[in-house]
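Trainee: I am new to this structure. Please take one part of it and go through that part closely.

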Amino acid sequence: FTVGTALFRLLLAPPHLASMLHRATRWLAIGGIVGLILFAGAEGALRAGLPIADAFSVEAMRAVLGASNSALRALSAIGLILLAIGGGRSWQGLGIAGAIVGMGDSGHVVAVLPPGVGQGLMMLHGFAAALWIGAIAPLRAAVAHDAGKETLALFRRFQSCGAWAMAATLASGLVLAWLLLPRLADLWQSDYGLRLATKLAAVAAMLLIAAINRLWLTRRALGDRPQLRGVLRTILELDLIAAILATVLAVGVSLGPPPAATLDRAIADDAYAAVLSFSPGKVGDNHLVIALSPKAGGSIDPKEVELRLSAPGIETIARTAARIAAGRYEVRDLPLWLAGPWQVEIGLLIDDFTKRRLRTELTLAP
């Protein structure tokens, strides 16, 4: 919001709004600095293995200053400080640039993509989103101040560049979602995906409002239908609420990691079919989910589900799977630390006299 308000002031705002936007940028920047300090302290505590209550201890500060992202964090802080101090267009431009570069220090995509690529994508996403959402409150203020031809011209100037900002925000956001979610179903089958879906719903509401304003409401409310000006202010207020919600949800998305990729294997006999999903599906500790589907009216929940894994040169791993839902079982922390082929066997205890075994082979990459 700080960057967006500053961009609107420098690129689009008429002179009579400059003073108000300058004050708004300053207070938003001060709030951003406070938020940055709190986040940095919390990150330092987590890096040092300390509780959040020790966020500003010496150990936490050492941890955050020694982190690999400290340079981007410093640029973000310098940018916000310059925006808070004010000054001419050059200083404000430097402040905007520093804050935008600091946006590269966020998002799980930074850990997924090669160095530089993830940061660049996050900067693009942050810049486009700032240009879009930073205009909402100033446009509403312009309508309240003067709902005439000058404000209509201001809306038209914003709608020209705002369309590009919306398109870039949406495109980069969809790319980020595609990179972070291994499967489309993770959008509604994982906590991370549900948080992301809620954020996307808020963005969709903003897109709908933008379309209504551009295609129907703005030119009428600021032209020959003055009775619609109150509706326009209310719509922009709802747009601002949706933008705040989307921003808060963007922070909420970062509270937990995205779902890991899985390596799936399907096995079956004449009575049962099963899908084994290993996460992350490569060498290391793996989480296994077993989805059972009975054939010909068999029981969906055997009395016991046993897992056995073996590989050349190591002792067989035997675990009993825990039931998590009807026909779904899991085994956590499987120490699959050897690359290459593994023999996998699922033992299904149907009753006291019947046990079925399903077998497959799994190849793990390093």
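Mentor: What follows is a look at a sheet and at a pocket that shares strands with it. The model is a predicted one. Five strands make up an open sheet, and their order across it is β1-β2-β3-β7-β6. Pairing in this sheet is antiparallel. At its edges lie β1, residues 263-268, and β6, residues 322-325, each of which pairs on one side only. On average, neighbouring strands of the sheet are turned by 30° against each other, with direction ignored.

Within the sheet, take the pair formed by β2 and β3. Strand β2 covers residues 272-279 and strand β3 covers residues 284-294. Eight bridges connect the two in the antiparallel sense. In general, strands of a sheet pair through backbone hydrogen bonds. As one example of residues that face each other across strands, leucine 276 stands opposite isoleucine 290 in β3.

Now to the pocket, which is the second largest and holds about 570 Å³ of space. The strands β2, β3 and β7 (328-336) each give at least two residues to its lining, and so does α10 (186-189). The lining of this second largest pocket has 18 residues. Nearest the centre of the pocket are Arg183, Asp186, Thr262, Val289 and Arg328. By class, the residues of the lining divide into six nonpolar, six polar and six charged.

Conventions
Residues numbered from 1 in each chain as written. Predicted model: local features only at pLDDT ≥ 70, side-chain atom pairs only at ≥ 80, totals over all residues. Heavy atoms only, no water. Pairing = 2+ DSSP bridges. Helix = DSSP H or I, 4+ residues; strand = E, 2+ residues; numbered from the N terminus. Axes fitted to C-alpha atoms, helices over the stretch in contact; angles between N-to-C directions. 1 Å grid on protein atoms, 1.4 Å probe; cavity = no way out; pocket = protein on both sides within 12 Å on 5 of 7 lines; lining within 4 Å. Points joined across faces, edges and corners; volume = space filled by probe spheres on them. Nonpolar A, V, L, I, M, F, W, Y, C, P; charged D, E, K, R; others polar.
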